[in-house]
Amino acid sequence: MTSGFWQGRRIPLAWLLLSRQPLRLMVALAGICFAGILMFMQLGFRDGLFDASVTVHRLFDADLVLMSPRSMSSISMSGFPRRRLVQAMAHPDVQGTTPVNWNFLLWRNPETLKTRSILALGFEPIDPLFTDPELAAKAKSLTSRGRVLFDKRSRTEFGPIAEWFEEGRIVETELAGKRVRVTGLVSLGPSFGADGNLLTSRETFLELLPSTPPGSIEIGLVRLRPGADPEAVTRSLKESLPSDVQVFTRQDFIDFEKNYWRSSTSIGFIFSLGAAMGFVVGCVIVYQILYSDVSDHLPEYATLLAMGYRLNTLMGVVAREGVFLAVMGYVPAYAAGQGLYALVRSSTKLPVAMDLPRATLVFSLILVMCMGSALMAMRRLVDADPAEIF
Amino acid sequence: MNERLTVQVEGLSHWFGTGAMRRQVLQSISMQIAPGEVVLLTGPSGCGKTTLLTLIGALRKVQQGDVCVFGHQLHGSHRGQRQKLRRHIGMIFQGHNLLRCLTAEQNVQMGADLLPELSYRARRDQARYWLRAVGLDDHLSKLPHDLSGGQKQRVAIARALAARPQLLLADEPTAALDSVTGREVVDLLQRLAREQACAVLMVTHDPRIVDVADRLVQMEDGRLIPTLG
Ligand SMILES: Nc1ncnc2c1ncn2[C@@H]1O[C@H](COP(=O)(O)OP(=O)(O)O)[C@@H](O)[C@H]1O
Ligand SMILES: [Mg+2]
């Protein structure tokens with residue numbers, strides 16, 4: 001097998017064509033790299049947005065979730081009667097429920113005194129809210145009025161709450177114009193919809209937002225007995241409950257939110273368009289480079305044809321140039337993508353990370369870009385006429 | 001057709017252009033080249049020498065008449081057949097036509113790479129052998145850019161011979177060289193071709209190099225002029 005390789009080995013013409021014209025190679029690589037970085041960033045933001053839109057959704061301790069049919073997304077929640085949860089309890093497979101209030105309130109940064117909208121969740125401190133077992137202990141402190149648990153992964157614009165709290169200071173500030181005290185920290189993470197989060201008791205929540213009708217909640221968590229089929233319970237609850245409430249399985253609840261960002265807004269489209277722009281720019285650059293490369297070497301290609309090389313062999317040379325460009329352009333784009341993702345994570349706290357499907361997708365796009373351009377540039381080879389070189 | 005002749009041309013005519021622009025540049029040419037024979041083709045500029053060379057070199061479609069190279073009829077041959085045949089014909093151009101991005105050694109190996117049965121190492125040794133034969137063993141890894149005109153033409157000769165051709169076609173190989181270098185290059189070409197028993201058809205204007213030929217063929221206005229040879 002190796003002897004076959006050595007037997008078939010030829011002068012690496014494609015590689016030499018590229019490497020002996022370093023300036024042209026650098027321009028091509030810069031173009032591909034730029035396109036790659038643009039695609040990584042745009043697709044990364046898009047996926048990060050969709051993942052970030054459900055950072056809180058993923059944490060709930062629920063098998064089913066009830067929501068008002070008028071709720072379109074986490075940033076526009078409508079209420080429904082809390083009674084529906086009590087009715088759901090009547091189902092034999094339902095083991096427990098948690099009513100949750102969900103709204104955005106104005107938080108005053110205690111350092112700069114500027115206000116900013118924060119996502120506030122109100123729940124009964126004795127009810128389970130998140131699957132995280134540490135929350136139950138912290139939630140006890142919420143039984144007093146005017147107490148909140150602050151999400152320490154909230155964006156820094158809300159103030160140095162976590163630092164102050166960990167230093168042992170008493171952290172008090174204004175929430176919806178009323179005095180509150182931070183009695184603990186939780187770790188949730190910001191999302192596109194919410195820059196920060198806090199948890200409080202329903203009692204405090206209703207005090208902060210007196211306009212909320214007392215019997216109204218935004219989401220209802222439903223926990224099933226082990227072994228129960230969530231799909232079946234969903235179906236039977238949908239039948240038994242009035243139409244002022246919608247029943248989701250946990251996964252549907254997450255997908256519903258993601259879907260909102262994906263389809264009801266143009267964010268997904270914009271980022272995909274951004275990636276497509278990178279693709280097109282890359283195509284144009286690589287095509288230009290390969291086309292002028294073939295044109296410049298046309299007499300040489302014609303000479304090779306005159307010597308008895310096949311046109312297919314020469315097309316193979318151009319194709320290989322395309323492959324080399326793709327690989328050499330992808331590597332720095334990948335590295336830069338990693339670096340920029342880290343930068344985005346630290347400055348925006350968005351969960352953007354390199355994952356295999358996206359890394360593969362971008363590589364495929366770059367390969368298609370380079371091979372497509374090579375294919376177009378090959379058409380120029382037909383002009384190489386060996387009869388015209390004497 | 002005589003199978004043993006390297007080249008046999010019979011009643012070859014060729015036209016360029018179409019319609020009113022159609023012009024005949026070759027008129028019923030007949031000639032033969034025996035194996036190992038060195039033939040010199042001369043004639044005024046524009047009389048059709050290059051056209052004849054490209055037809056014998058299987059670079060152009062034959063329009064009328066017969067052209068047999070190594071016993072293969074080129075009239076009516078396909079592109080692929082002509083391409084295969086070209087592997088056995090060495091060509092040396094007026095300009096050297098070396099690949100700019102390859103070193104002298106790599107350029108010559110592009111010729112040797114056409115030999116399918118040899119290993120990479122053997123082909124590389126071939127390339128080195130031929131560069132030594134043209135006196136360029138010290139310039140193996142130089143790019144064409146760094147070689148003089150005469151050296152480039154020698155690399156072109158080495159490249160042509162490295163594919164072990166049985167016929168060598170050269171179109172004014174000395175045109176870009178001064179007279180001393182031109183003479184050296186032609187002498188080298190003739191000597192190496194003789195060693196390989198390779199037939200040569202060389203177009204030249206240069207009256208000083210006619211003595212390398214076995215036979216002289218003159219051409220005028222698309223016709224061969226009978227000479228004493
Ligand atoms: N590709 C072509 N198309 C049209 N006319 C051509 C072409 N090549 C050569 N000719 C014409 O054919 C004639 C012979 O050309 P050529 O064979 O190159 O002559 P030589 O090599 O003897 O100088 C010239 O008049 C030239 O103008
Ligand atoms: Mg000519």
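Asp221(B) sits in the loop between β9 (215–220) and β10 (223–225) of chain B, where helices (H or I, at least four residues) and strands (E, at least two) are DSSP runs numbered from the N terminus. Although Asp221(B) is not a glycine, its phi is positive, at about 50 degrees. Asp221(B) is exposed, with a relative accessible area of 60%; here buried means under 20% relative accessible area, exposed over 50%, and partly exposed in between (1.4 Å probe, protein chains only). Most residues other than glycine have a negative phi. Chain A offers another such residue: Leu113(A) has a positive phi near 70 degrees, and Leu113(A) lies in the loop between β3 (94–108) and β4 (115–123) of chain A.

A word on the ground rules before going on. This is a predicted model, in which local features need pLDDT of at least 70 and side-chain atom pairs count only at pLDDT 80 or more, while totals for chains, interfaces and linings use all residues. Residues are numbered from 1 along each chain as its sequence is written, chains are lettered from A and ligands numbered from 1 in the order in which they are written, and side-chain values use heavy atoms, with hydrogens and water left out.

**A loop residue in chain B**

Thr204(B) is in the loop between β8 (199–203) and β9 of chain B. Thr204(B) is buried, with a relative accessible area of 1%. Its side chain reaches the backbone nitrogen of Asp206(B) at 2.9 Å. Setting aside neighbours within four places in sequence, Thr204(B) is in contact with Leu40(B), Leu41(B), Thr42(B), Glu172(B), Thr174(B) and Ile209(B), contact being heavy atoms within 4.5 Å.

**Where the chains meet**

The contact draws 28 residues from chain A and 34 residues from chain B. Between them the two chains bury about 2,900 Å², 59% of it on carbon and sulfur atoms; buried area is the accessible area (1.4 Å probe) that two parts lose on being put together, summed over both. On the chain A side, Ile11(A), Met307(A) and Phe390(A) lose the most area to chain B, together 27% of what that side buries.

The rule finds two salt bridges across this interface, a salt bridge being a side-chain nitrogen of Lys or Arg within 4 Å of a carboxyl oxygen of Asp or Glu. Ten residue pairs are in polar contact across the interface (both at pLDDT 80 or more). A polar contact is a pair of N or O atoms within 3.5 Å; within protein, one must be able to donate a hydrogen and the other to accept it, and residues adjacent in sequence count only if both atoms are side-chain atoms.

From chain A, α1 (2–8), α2 (13–19) and α11 (298–307) each supply at least two residues of the side that touches chain B. The most comes from α11(A), with seven residues. That side of chain A divides into 16 nonpolar, five polar and seven charged residues; Ala, Val, Leu, Ile, Met, Phe, Trp, Tyr, Cys and Pro count as nonpolar, Asp, Glu, Lys and Arg as charged, and the others, Gly among them, as polar.

**Salt bridges**

Over all chains, the whole structure has 30 salt bridges. The table lists some of them.

| Pair | Closest N to O |
|---|---|
| Arg100(B) and Glu300(A) | 2.5 Å |
| Arg380(A) and Asp383(A) | 2.7 Å |
| Glu105(B) and Arg128(B) | 2.9 Å |
| Asp47(A) and Arg46(A) | 3.3 Å |

Glu105(B) lies in helix α3 (residues 104–112) of chain B and Arg128(B) in helix α4 (residues 120–133) of chain B, so their pair ties together parts that are 23 residues apart in sequence. Glu105(B) counts as buried at 12% relative accessibility, whereas Arg128(B) is partly exposed at 30%. Salt bridges that share partners join Arg46(A), Asp47(A), Asp355(A) and Arg358(A) into one network.

**Nonpolar cores**

The largest nonpolar core has 93 residues, and those with the most contacts inside it are Leu325(A) and Ile56(B). Such a core is a set of buried Ala, Val, Leu, Ile, Met, Phe, Trp, Tyr and Cys residues joined through side-chain atoms within 4.5 Å. Helix α3 (residues 22–52) of chain A gives the most to this core, with ten residues. Beyond its neighbours within four places in sequence, Ile56(B) has contacts that include Val7(B), Met31(B), Leu74(B) and Leu201(B). A second, separate core of 35 residues includes Ile92(B), Val134(B), Ala156(B) and Leu161(B).
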